[in-house]
Amino acid sequence: MSHNDLSVADVEISQCHIMGIFHISLKGVYNLSLVQAHNACKQLDSLLATKAQVERAHQLGFEMCRYGWVDDGFVVIPRISSKEQCGKNGTGVLVWKVDPDKSYDGYCFQKNGNWRSLKIDFDFLKS
């Protein structure tokens, strides 16, 4: 899927929201660079989460099986239970340092926790 084909229907927002942290993806496909993840979170009235914010949510039970960008410039996967296909059996907030142009998901942080109906303009992904 090219970035020009994206629409609001392409965005998946995780059901799990802890401490303002939530996971975003594009139809379950790794398709966001670091810059695009920043922009996507901004379009959701949020910020790209920091590793420390994801760690705090992880301590309260936040777990995903998807790598996602954080503001620190690398991808993380928050794991409570070990699973071979999720972080290679690791637990904790696992870090993977990759090129910022590589495609992954994102972890956003919404300070006020105001989960409203989202109307998103994806023109920022067309560049």
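## A first look at cysteine 16

Is cysteine 16 buried, partly exposed or exposed? With a relative accessible area of 25%, cysteine 16 is partly exposed, because that value lies between the 20% limit for buried and the 50% limit for exposed. Please keep in mind as you read that this is a predicted model.

From here we can turn to helix α2, and then to the salt bridges and disulfides.

## Helix α2 and its buried side

Helix α2 runs over residues 51-59, and glutamine 53 is found in it. Which residues of α2 are buried? They are Gln53, Val54, Ala57 and His58. These residues sit on the same side of α2, because they cover an arc of only 140° around the axis. A general point about helices fits in here: an α-helix has 3.6 residues a turn, so residues three or four places apart point the same way.

It is also worth asking what covers the buried residues of α2. The cover includes several strands: β2 (21-26), β3 (47-48), β5 (75-79), β6 (92-96) and β7 (105-109). Just beyond the helix there is a backbone detail to look at, since α2 is followed by glycine 61, which has a positive phi, near 110°.

## Glutamine 53 up close

Glutamine 53 has a relative accessible area of 15% and is therefore buried, the cut-off being under 20%. Leaving aside residues up to four places away in sequence, glutamine 53 touches Ile21, Leu48 and Phe109. Another distance you may like to check in the viewer is the one to isoleucine 18: glutamine 53 and isoleucine 18 are 35 residues apart in sequence, and their C-alpha atoms are 9.9 Å apart in space.

## Salt bridges

How many salt bridges does a search of the whole structure find? The search finds 3. As a general reminder, side chains of opposite charge can pair when their charged atoms come close.

One of the salt bridges belongs to helix α2. There, the side chains of lysine 51 and glutamate 55 meet with an N to O distance of 2.8 Å. Lysine 51 and glutamate 55 are 4 residues apart in α2, so about one helical turn separates them. Lysine 51 is partly exposed at 22% relative accessible area, and glutamate 55 also counts as partly exposed, at 29%.

Another salt bridge brings together the side chains of arginine 79 and glutamate 63, at 3.3 Å from N to O. Arginine 79 lies in strand β5, while glutamate 63 is in the loop between α2 and β4 (68-69), so the pair ties together parts that are 16 residues apart in sequence. Arginine 79 is buried, with a relative accessible area of 4%, whereas glutamate 63 is partly exposed at 27%.

Aspartate 105 and arginine 66 form a salt bridge too, and their closest N and O atoms are 2.7 Å apart. This pair links distant parts of the chain, with aspartate 105 in strand β7 and arginine 66 in the loop between α2 and β4, 39 residues apart. Aspartate 105 is buried, and its relative accessible area is 0%.

## Disulfides

The count of disulfides comes to 2. In general terms, a disulfide is a covalent bond between the sulfur atoms of two cysteines. When the bonded cysteines of the protein chain are numbered in sequence order, what is the pairing? It is 1-4, 2-3.

Cysteine 41 is joined to cysteine 108 by a disulfide with an S to S distance of 2.0 Å. The pair links distant parts of the chain: cysteine 41 is in helix α1 (residues 34-43) and cysteine 108 is in strand β7, 67 residues apart. Cysteine 41 and cysteine 108 are both buried, and their link is left-handed, with -85° about the S-S bond.

A disulfide also joins cysteine 65 to cysteine 86, with S to S at 1.7 Å. The torsion about the S-S bond of cysteine 65 and cysteine 86 is about -90°, so this disulfide is left-handed. The pair links distant parts of the chain, 21 residues apart: cysteine 65 is in the loop between α2 and β4, and cysteine 86 is in the loop between β5 and β6. Cysteine 65 is partly exposed, with a relative accessible area of 34%, whereas cysteine 86 is buried at 2%.

Note on methods
Residues numbered from 1 in each chain as written. Predicted model: local features only at pLDDT ≥ 70, side-chain atom pairs only at ≥ 80, totals over all residues. Heavy atoms only, no water. Helix = DSSP H or I, 4+ residues; strand = E, 2+ residues; numbered from the N terminus. Buried < 20%, exposed > 50% of the residue type's maximum accessible area, 1.4 Å probe, protein only. Contact = heavy atoms within 4.5 Å. Arc of directions from axis to C-beta. Salt bridge = Lys/Arg side-chain N within 4 Å of Asp/Glu carboxyl O. Disulfide = S-S within 2.5 Å.
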